[in-house]
Amino acid sequence: MKHTKIVDVIKTDPVLQEIYVKGWVRAFRSNRFIALNDGSTINNLQCVVDFENTPEETLKQINVGAAVAIKGTLKESEGQGQKVEIEVQDIEILGKADPEEVKKTILSPKRHSLEKLREQAHLRVRTNTFSAIMRVRSKLSFAVHQYFQQNGFNYVNTPIITGSDAEGAGEMFKVTNMDLNKVAKNEDGSINYKEDFFGKETNLTVSGQLEAETYALGLGQVYTFGPTFRAENSNTSRHLAEFWMIEPEVAFCDLDGNMDLAEDFIKYVLEYILEHCDDDLAFLENRLIQEDKSKPEADRAPMTLRDKLKFITQNNFKRVSYTEAIDILRNSKPNKKKKFNYVIEEWGADLQSEHERFLVEKHFKCPVILFDYPANIKAFYMRLNEDGKTVRAMDVLFPGIGEMVGGSQREERLDVLQAKMKELDIDEEELWWYLDTRKFGTCVHSGFGLGFERLVLFATGMGNIRDVIPYPRSPQNADF
């Protein structure tokens, strides 16, 4: 007999019918009431056991964490909090859970800190909080693909192993198959990469952008959605060493079109989860409300989680030039009173998260797209403006997050691109294939990158990026 998912059972009208379900025991009260969950929904299904006619040995094995299969009659629930329940006719223990061992884990029915849950990341998805987060993450992932596929984009798998550094920051993980105890070296003591697997120095990618650009200049509209890696020694709540990036690239598209795309895309995926993840979002929203009660009123969230998501989807993003933003920041109270950790003194400053959040949360009170940044704080591939000092870059800034999206119109002029690479000492021979695209049918094109975990962080209201990816990778942490 095929079992029915609990998410479908709880939607069923309570007519007397036989039901077969499988799941894990979340609670067992009074030797009678089982709270069963199979991961398909945040909601548990109540299963009522006739303990007088159930073998004592079976009752002893109905413990928190145990996997069970239950046959019974679905009927209208007599208790509060659920529409239906199962009157158990037969119960089979599929996988035992020793209650003494359970007490040592986060499966024990008491409140655990998020830090404790990270220590047992292999079990945390069994909690309500993390099952809700991961279902939202899954639906967001689906919405990403659905948006681009419906809008004529082709999905491209760019290399994870690469010889180029798209970001130019140098914070990359090296890839090698050399014996690290006997590394091949040149006469001057430098590493002889010709002896390595690929015959050259290679790394884990920080971005699929450069490769995606080449495909956009043949397929028109492409996107990547895959893992990226950054060897930045940062232990903040906003950084991971391994994370997922969404990177569309579009031919015949300028910066204005790029900003339109980013705004439309973000609104679409957030609308999707508002429509398809209401139970999980309601749970996460209530969690934040309870958390806020312990905070001073000034530190509490001004909007509930779902209202915040609706606010993003229902309002236009404010578009502001970097120059205008600098003027706003320079004249702001926090800057004048030196309350910013990084005081803004002159045009050309590289904006920090505190500045971005001030613009979004305090000044404009809506998502903001900043554009036309100083050339010397942005990457080599961004198109130089006619003023010679700014580039056609854009960042989308969100409340509580700061930068959500970074993108630009790409530099399509070969001579300007070569001059920029020379200025930054970027080897043309390493990127000969990238320069080729500017020789054969070059055109205006644009794209952006969105860190998927930051999107999940915003969508779920969580405060630490390590809580929105199944197994976080960060400095000194590669467990599981």
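In this predicted model, E412 is found in the loop that connects strand β15 (402-409) with helix α13. The relative accessible area of E412 is 10%, so this loop residue counts as buried. Beyond its neighbours within four places in sequence, E412 is in contact with R383, R438, T442, C443, V444 and H445. One of these partners, C443, has a relative accessibility of 11% and therefore also counts as buried.

The cysteines were examined for covalent links. A disulfide joins the sulfur atoms of two cysteines through a covalent bond. A search of the whole structure finds zero disulfides. For C443, the closest cysteine sulfur belongs to C253 and is 10 Å away, which is too far for a bond. Another cysteine, C47, is buried, because its relative accessibility is 0%.

Helix α13, which spans residues 414-423, has both buried and exposed positions. L417, K420 and M421 are buried in this helix. Viewed down the axis of α13, the buried residues fall within an arc of 100 degrees, so they line one face of the helix. This fits the geometry of an α-helix, which has 3.6 residues a turn, so residues three or four places apart point the same way. The buried residues of α13 pack against α14 (432-436). On the face turned away from the buried side, α13 carries the exposed residues D415, K422 and E423. The helix is followed by D425, whose phi is positive, near 60 degrees.

Positive phi values were also found elsewhere. Most residues other than glycine have a negative phi. D372, which is not a glycine, nevertheless has a positive phi of about 60 degrees. This residue lies in strand β13 (residues 368-374), and D372 counts as buried because its relative accessible area is 16%. Q476 is a further residue other than glycine with a positive phi, near 65 degrees. Q476 is placed in the segment after α15 (452-460). With a relative accessibility of 86%, Q476 counts as exposed, whereas D372 is buried.

Strands β13 and β15 belong to an open sheet of eight strands, arranged in the order β6-β10-β11-β16-β15-β14-β13-β12, with mixed pairing. The edges of this sheet are formed by β6 and β12 (318-321), each of which pairs on one side only. Helix α6 (residues 209-219) packs on the sheet and touches β6, β10, β11 and β16 (445-451). The direction of α6 makes about 30 degrees with that of β11. Helix α5 (residues 128-150) lies across β6, β10 and β11, and runs at about 150 degrees to β10.

Within the open sheet, strand β10 comprises residues 221-229. Seven of the nine residues of β10 are buried, so this strand is largely enclosed by the rest of the structure. On one pairing, β10 is joined to strand β6 (residues 154-155) in the parallel sense over two bridges. In this pairing, N154 stands opposite V222 of β10. Strand β10 also pairs with strand β11 (residues 242-251), here in the antiparallel sense and over nine bridges. P227 of β10 stands opposite W244 in β11.

A second arrangement of strands is a barrel. Five strands close into this barrel in the order β1-β2-β3-β5-β4, and the pairing is mixed. On average, neighbouring strands of the barrel are turned by 55 degrees against each other, direction ignored. Strand β4 (residues 67-76) pairs with strand β5 (residues 84-95) in the antiparallel sense, over ten bridges. In this pair, K75 stands opposite E85 of β5.

Note on methods: Residues are numbered from 1 along each chain as its sequence is written. This is a predicted model: local features need pLDDT of at least 70, side-chain atom pairs count only at pLDDT 80 or more; totals for chains, interfaces and linings use all residues. Side-chain values use heavy atoms; hydrogens and water are left out. Buried means under 20% relative accessible area, exposed over 50%, partly exposed in between (1.4 Å probe, protein chains only). Helices (H or I, at least four residues) and strands (E, at least two) are DSSP runs, numbered from the N terminus. Two strands pair if DSSP finds at least two bridges between them. A disulfide is a pair of cysteine sulfur atoms within 2.5 Å. The arc is that of the directions from the helix axis to the C-beta atoms. Contact means heavy atoms within 4.5 Å. Axes are lines fitted to C-alpha atoms, for helices over the stretch in contact, and angles run from 0 to 180 degrees between N-to-C directions.
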